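Trainee: Could you take me on a close look at the aromatic residues of this protein, and at the surface they help to make? I would like to see how the pieces fit into one picture.

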Amino acid sequence: MGGRYRLNDRVHLLAGYIRGEDPIPDDTFDPIVTDSPHYALTFGTEIDYKKYRWSFSYAYQNWGDRSKNNSVGAEFSGGTIADARANGKYEAASHFLAASFTYVF
């Protein structure tokens, strides 16, 4: 979901929200594929001046906490090693910045 608000002829404000579900069940979760229920919040602006446009944006994405307590990933060089299971609690978050410049001719 997102929106764009025209502040005036030159400036637009942008905002968005993203929500995602987790397609991987707990009994087969492996931390090598970092996925869990997550959401992202985005904010930005576009500034127009004559034939130029500057765009700036920021996004914050948070993946929900995830616990692993299974034997997925335990195979290592043909044998099973308990330490290779990577059981535990996993948390993740990301910050993104973007900028762009456009010249219209």
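Mentor: Happy to! Let's begin with what counts as a ring pair: rings of Phe, Tyr and Trp, taking the six-membered ring for Trp, pair if their centres lie within 6.5 Å. Please keep in mind that we are looking at a predicted model.

With that in hand, look at Tyr-52, Trp-54, Phe-101, Tyr-103 and Phe-105, which ring pairs link into a cluster. These names come back when we turn to the surface. A nonpolar patch of about 840 Å² is made there by Ile-47, Tyr-49, Tyr-52, Trp-54, Phe-56, Phe-101, Tyr-103 and Phe-105. The elements that each give two or more residues to this patch are strand S3 (38-49), strand S4 (52-68) and strand S7 (88-103). Strand S4 gives the most, with three residues. Phe-56 is a good one to find on your screen: this residue lies in strand S4, and at 41% relative accessibility Phe-56 counts as partly exposed.

Now let's widen the view. Searching the whole structure turns up seven aromatic pairs. One of them joins Tyr-17 and Tyr-39, whose ring centres are 6.5 Å apart with the planes at 20°, so this pair is stacked. The cut-off behind that word is simple, as planes under 30 degrees apart count as stacked. Tyr-17 sits in strand S2 (residues 11-20) and Tyr-39 in strand S3, so the pair ties together parts that are 22 residues apart in sequence. How open are these two tyrosines to the surroundings? Tyr-17 counts as partly exposed, at 33% relative accessibility, and Tyr-39 is partly exposed too, with a relative accessible area of 31%.

It helps to set these residues against the chain as a whole. The protein chain has seven strands and zero helices, and reading along the sequence gives the pattern β-β-β-β-β-β-β. Of the 105 residues, 23% count as buried. The accessible surface of the chain comes to about 7600 Å², and carbon and sulfur atoms hold 58% of that area. As for contacts, take those with a separation of 6 or more: residues 24 or more positions apart account for 54% of them.

So, as you turn the model, start from the ring cluster that includes Trp-54 and Tyr-103, go on to the nonpolar patch with Phe-56 among its residues, and finish at the stacked pair of Tyr-17 and Tyr-39.

Definitions and conventions
Residues numbered from 1 in each chain as written. Predicted model: local features only at pLDDT ≥ 70, side-chain atom pairs only at ≥ 80, totals over all residues. Heavy atoms only, no water. Patch = residues over 30% accessible without salt bridge, like charges linked within 9 Å, V, L, I, M, F, W, Y side chains within 5 Å. Areas by Shrake-Rupley, 256 points an atom, 1.4 Å probe, with all protein chains shown as cover. Salt bridge = Lys/Arg side-chain N within 4 Å of Asp/Glu carboxyl O. Helix = DSSP H or I, 4+ residues; strand = E, 2+ residues; numbered from the N terminus. Buried < 20%, exposed > 50% of the residue type's maximum accessible area, 1.4 Å probe, protein only. Phe/Tyr/Trp six-rings, centres within 6.5 Å; stacked < 30°, edge-to-face > 60°. Contact = heavy atoms within 4.5 Å.
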